Amino acid sequence: MDTPTPRTASLSDRLARGDLMVADCPSREVLKHVTSRWGVLVLIALEQRMHRFSELRRAIGGVSERMLAQTLQWLEADGLVARKAFEVVPPHVEYRLTPLGRECAEKVRLLADWIEINLPRIQEAASSQ
């Protein structure tokens, strides 16, 4: 029996990986969470260390409490962020990246770094349109 080569991977192999170009691919939801404006910034902030909610909100300028909470919920549901709640008054909740989240943060940081480094070129190209 022939084993599939990388160029002729079976349908089940391709579905296991995901296919972002297919409208109903579940990878698209994760992509939306990770590459949203706040998702990228949360991942980059948590890459350095654990943060409490209020610290994270201060670290990410411009994010509302509602959007930060929603983004953290998405990233937690995707297995990228771990949430630890302590039963104390006032409430104390810590957020940190999971090992999977660390891998993801590294990738989005590279994209964010590229954007910051190339911002003058990007702005120049946009102004010449």
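Buried means under 20% relative accessible area, exposed means over 50%, and partly exposed is what falls in between (1.4 Å probe, protein chains only). Everything below comes from a predicted model, where local features need pLDDT of at least 70, side-chain atom pairs count only at pLDDT 80 or more, and totals for chains, interfaces and linings use all residues. Residues are numbered from 1 along each chain as its sequence is written, and side-chain values use heavy atoms, with hydrogens and water left out.

**View 1. A salt bridge within helix α2 links E29 and K32.** A salt bridge here is a side-chain nitrogen of Lys or Arg within 4 Å of a carboxyl oxygen of Asp or Glu. For E29 and K32, the closest N and O atoms are 3.5 Å apart. The two sit three residues apart in α2 (residues 27-35), so about one helical turn separates them. Helices (H or I, at least four residues) and strands (E, at least two) are DSSP runs, numbered from the N terminus. E29 is partly exposed at 41% relative accessibility, and K32 is partly exposed at 43%.

**View 2. E47, R109 and D113 form one salt-bridge network.** E47 pairs with R109, with the closest N and O atoms 2.8 Å apart. Because E47 lies in helix α3 and R109 in helix α6, this pair ties together parts that are 62 residues apart in sequence. R109 also bridges to D113, at 3.8 Å between the closest N and O atoms; these two are four residues apart in α6, about one helical turn. R109 is partly exposed, at 24% relative accessible area, and so is D113, at 32%. The whole structure has five salt bridges.

**View 3. V42 in the largest nonpolar core.** A nonpolar core is a set of buried Ala, Val, Leu, Ile, Met, Phe, Trp, Tyr and Cys residues joined through side-chain atoms within 4.5 Å. This one has 22 residues, and V42, L43, L56 and L72 have the most contacts inside it. Helix α3 gives the most to this core, with six residues. Look past the neighbours within four places in sequence, and V42 is in contact (heavy atoms within 4.5 Å) with L56, I60, L68, T71, L72 and L75.

**View 4. The low-confidence start of the chain, residues 1-6.** The pLDDT, the predictor's confidence in each residue from 0 to 100, averages 89 for the protein, and 86% of the residues score at least 70. Over residues 1-6 the pLDDT is below 50, and this stretch has three contacts in the model beyond near neighbours in sequence.
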